Amino acid sequence: IAFLRNNQDHINWLPIDTNIAFLRNNQDHINWLPIDTTNLYSVTGVVTTPFNISGSGVSSEFFMQDGAVGICVFVGGGTYLPNSGDLVRVIGPVANFDGLLEFNLSASNPSHSVSTPISTGNPVPALKLFDINDYSNIPYMETNIEGSLVVVSNVFLNQSSLQFASGAMNITNVNRKYISLYVNGNSDVIGQNVPTIAASIAGVMSQYTSTIPATNGYELDILRYSDLVSTTNVPPMPLQIQGTPTNVVV
């Protein structure tokens, strides 16, 4: 079978038509790395990000979602960037980059492509309500949340800086569980005031880690400042009582 698989025309190699859910589930569930990084896959989805996620300046990067789940699309050396709401078809191999499952395309490879929009102005998929307490549920994070548009509610923000700068900061819920909030240098969030409390923050769930297994480093990438709804209402704090043989600590 190996001979037959390799005895193909590698110029006109036909891509495997599938969906993002298949790609997300086709990972090694121990190290959470893609099982197949050789074959070309073809997926159609709606672009969910409004600017170039790549900070290199010489490549294009965006997220797309097909309704159920999402994935990152990186095009090395690419200059074409579809708009949020564009329905596009992506053809190429998948890879893991710093923990993030992504399409890994090269602009110089004729078998890799991002189509011109099949249609434009499509509504982006509905936000998934994300509970920071689920951060440690790795199969859920990898197959359902990473790459998708999500929203977290009632979180405290680290105010070590009073204005947002490019980079990461922690957001914490009332149970003292936290996740990284990442501000992209290409977003309009830069320079805006950092509130103490946010009633909600929406964005795309990404990941940045150098460890294997790639089971940490999840981060919420905020896309627009309007996706943050600040509030002055302090969320109810749970009262925790711990007992020892001789003491009770509240």
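**Salt bridges, cores and a surface patch**

Modeller: In this predicted model, Arg24 and Glu146 form a salt bridge, with their closest N and O atoms 2.5 Å apart.

Colleague: Where do Arg24 and Glu146 sit in the chain?

Modeller: The pair joins distant parts of the chain, 122 residues apart. Arg24 belongs to helix 2 (residues 20-25), while Glu146 lies in the loop between helix 3 (138-145) and strand 10 (149-157).

Colleague: Are Arg24 and Glu146 buried or exposed?

Modeller: Both Arg24 and Glu146 are buried.

Colleague: How many salt bridges does the structure hold?

Modeller: The structure holds three. One of them pairs Asp17 with Arg89, where the closest N and O atoms are 3.4 Å apart. That pair also links distant parts of the chain: Asp17 is in strand 1 (residues 16-17) and Arg89 is in strand 5 (residues 87-92), 72 residues apart.

Colleague: And is Asp17 buried or exposed?

Modeller: Asp17 is exposed, because its relative accessible area is 59%, and the cut-off for exposed is over 50%. Arg89, at 30%, is partly exposed.

Colleague: Which residue meets Arg224 in a salt bridge?

Modeller: Asp227 does, with an N to O distance of 3.3 Å. Arg224 counts as partly exposed, its relative accessibility being 29%.

Colleague: Turning to the interior, which residues touch the most other members of the largest nonpolar core?

Modeller: They are Phe130, Leu157, Phe164, Ile171, Leu181 and Ile201, in a core of 25 residues. Two or more residues each come from helix 3, strand 10, strand 11 (167-172), strand 12 (178-183), strand 13 (197-207) and strand 14 (218-222).

Colleague: Which element gives the largest share?

Modeller: Strand 10 does, with four residues.

Colleague: What does Ile201 touch, leaving out residues up to four places away in sequence?

Modeller: Its contacts include Val150, Val151, Val152 and Val155, together with Leu157, Ile171 and Leu181. Ile201 also touches Leu220, Ile222, Asp227 and Leu228.

Colleague: How many residues are in the second, separate core?

Modeller: That core has 18 residues, among them Val69, Ile71, Leu101 and Leu105.

Colleague: Now the surface: which residues form a nonpolar patch there?

Modeller: Leu239, Ile241, Val248 and Val250 form one, with about 470 Å² of accessible area together.

Colleague: Where is Val250 placed, and is this residue buried or exposed?

Modeller: Val250 is in the segment after strand 17 (248-249). The residue is exposed, with a relative accessible area of 66%.

Notes
Residues numbered from 1 in each chain as written. Predicted model: local features only at pLDDT ≥ 70, side-chain atom pairs only at ≥ 80, totals over all residues. Heavy atoms only, no water. Salt bridge = Lys/Arg side-chain N within 4 Å of Asp/Glu carboxyl O. Buried < 20%, exposed > 50% of the residue type's maximum accessible area, 1.4 Å probe, protein only. Core = buried A, V, L, I, M, F, W, Y, C linked by side-chain atoms within 4.5 Å. Contact = heavy atoms within 4.5 Å. Patch = residues over 30% accessible without salt bridge, like charges linked within 9 Å, V, L, I, M, F, W, Y side chains within 5 Å. Areas by Shrake-Rupley, 256 points an atom, 1.4 Å probe, with all protein chains shown as cover.
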